[in-house]
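Trainee: I have a model open and would like to look closely at one part of it with you. Could you walk me through it step by step?

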Amino acid sequence: MVNWKPSKYLLGFFYARYYKLTSIYLVPCRKFFYMEILKTFYHELLNFFGVSKALEILQAGDYSIFTTYDGVVSLIYPIIPLLLLLEFILGLIYKKPQLKVYKVNFLIYLFNRFIGRFIAIAMVTFCIGLFQKYAPFQTGNTWYWFVYGYVVWEFGHFIYHYFGHKIRLFWCLHSTHHAPENMNLSVTHAHFFLEAPYADTIRTTVCILLGVKPELLFLIMFIDGTYGAFIHVGENLIKDGRLGFLNKIILTPSHHRVHHARNPLYMDTNFCNLLNIWDKVFGTFQNEDANVKIEYGITREMNSGNFMDVYFGEIIALFKDVLKAPGIKNKLLYIVMPPGWHHEGNHKTAKVVRTEYLKNKN
Ligand SMILES: [Zn+2]
Ligand SMILES: [Zn+2]
């Protein structure tokens, strides 16, 4: 009988063949593979900086497009990513690099890159189709309808954001945004992937039911998205976020810094985005106090440099509370009551903490 145990020569033979094969086929493949990676990286970079459209227009040579809505959008869109880069570089120069925040927010950006955005777009389309027929009227194209649309949008934003802080389940979606312990433009990207669909469902529904035309809604979304990113500008780029007299008229980076603070005075204030009228109407408006230095972050003890903790920490904490709560009623209450609510009555909600602080101060 022939012994078919492969000898080392046989193995050597196969190895030689395999090696030859790999050198013929895989080396070009590997080259192709690296080329593809480089190409993908290049497109992702263009996508992040939002310059693809502007480059297309430049390549086509028809600069008159820059005067159209699409052209203007293509020029405004890259501003925030470029500022983010500048802020990052300034951080390195000033030796206040805030690397922990950048690292985690970069991971979040990668994680959210596709899925969250597509669900949000789908929800916006779905809500428009579902609710537009119930609107009592439709807005026109004049400036006063634009103002009306913006005020309505801010109202929708206020509702989404308020409940994002006051209902524990929604706080699980929103807390990722509040985890960073420094402020810079990368915080704009710190969101749990389901937050945008949740926010856009509420904001779109409110706008569409109150007659805001989809075209106007998209314009407002774009302006508000850009401004909403800008208010996360950190001290490395703009030290005083009050922006002079604007602090009295609109919501400035200073107001939004206050919103991101965990100091008792600042907790759960300034929910608006550009026009802070609804904060003033509902009593949640708070100016930055020169004597109370902002401390960014959330009150739960956490590791803000750990992606898993930033992204899933609140969900795990809620899960644990529900698990150990006695009775089905308490379990449900943990899900819908504000963060800090306790079934034994010793609540540590933002409202309790803030009221106590203000009482002791006076
Ligand atoms: Zn918030
Ligand atoms: Zn924010």
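Trainee: Does helix 7 pass helix 10 in a left-handed or a right-handed crossing? Please take that pair as the part to look at, and then place it in the rest of the chain.

Mentor: Happy to! Keep in mind that this is a predicted model. The crossing of helix 7 past helix 10 is right-handed. As background, a pair of packed helices is described by the angle between their axes and the distance between those axes. Here, helix 7 covers residues 143-166 and helix 10 covers residues 214-230; their axes lie 10 Å apart, and the packing angle is about 65 degrees. If you want to select the residues that meet, helix 7 supplies Trp145, Phe146, Gly149, Tyr150 and Trp153, while helix 10 supplies Leu216, Leu217, Ile220 and Asp224. Sorted by character, the residues of this contact come out as seven nonpolar, one polar and one charged.

Now for the surroundings. The protein chain contains 16 helices and zero strands. Its C-alpha trace spans about 95 × 65 × 50 Å along the principal axes. Of the 362 residues in the chain, 30% are buried. Take the contacts between residues at least 6 apart in sequence: 69% of them join residues at least 24 apart.

The domain assignment splits out domain 1 (8-49) and domain 2 (98-308). The centres of domain 1 and domain 2, taken over C-alpha atoms, are separated by 44 Å.

Another helix to click on is helix 5, residues 99-112. Its 14 residues reach 20 Å from the first C-alpha to the last, close to the 20 Å expected at 1.5 Å a residue. Buried residues in helix 5 include Val101, Tyr102 and Val104, and also Asn105, Ile108 and Asn112.

Finally, try a loop residue. Threonine 252 sits in the loop between helix 11 (246-249) and helix 12 (253-259). Why does threonine 252 count as buried? It does so because 26 other C-beta atoms lie within 10 Å, and the cut-off for a buried residue is 20 or more. Setting aside neighbours within four places in sequence, threonine 252 is in contact with Gly241, Arg242, Leu243, Leu246 and Asn247. If you would like a distance to check in your viewer, threonine 252 and leucine 92 are 25 Å apart in space, C-alpha to C-alpha, and 160 residues apart in sequence.

Terms used:
Residues numbered from 1 in each chain as written. Chains lettered and ligands numbered in written order. Predicted model: local features only at pLDDT ≥ 70, side-chain atom pairs only at ≥ 80, totals over all residues. Helix = DSSP H or I, 4+ residues; strand = E, 2+ residues; numbered from the N terminus. Expected span 1.5 Å × (residues − 1). Buried ≥ 20, exposed ≤ 12 C-beta atoms within 10 Å, placed from the backbone. Domains from an automatic or database assignment. Axes fitted to C-alpha atoms, helices over the stretch in contact; angles between N-to-C directions. Left-handed = near helix turned anticlockwise from the far one by under 90°. Contact = placed C-beta atoms within 7 Å. Nonpolar A, V, L, I, M, F, W, Y, C, P; charged D, E, K, R; others polar.
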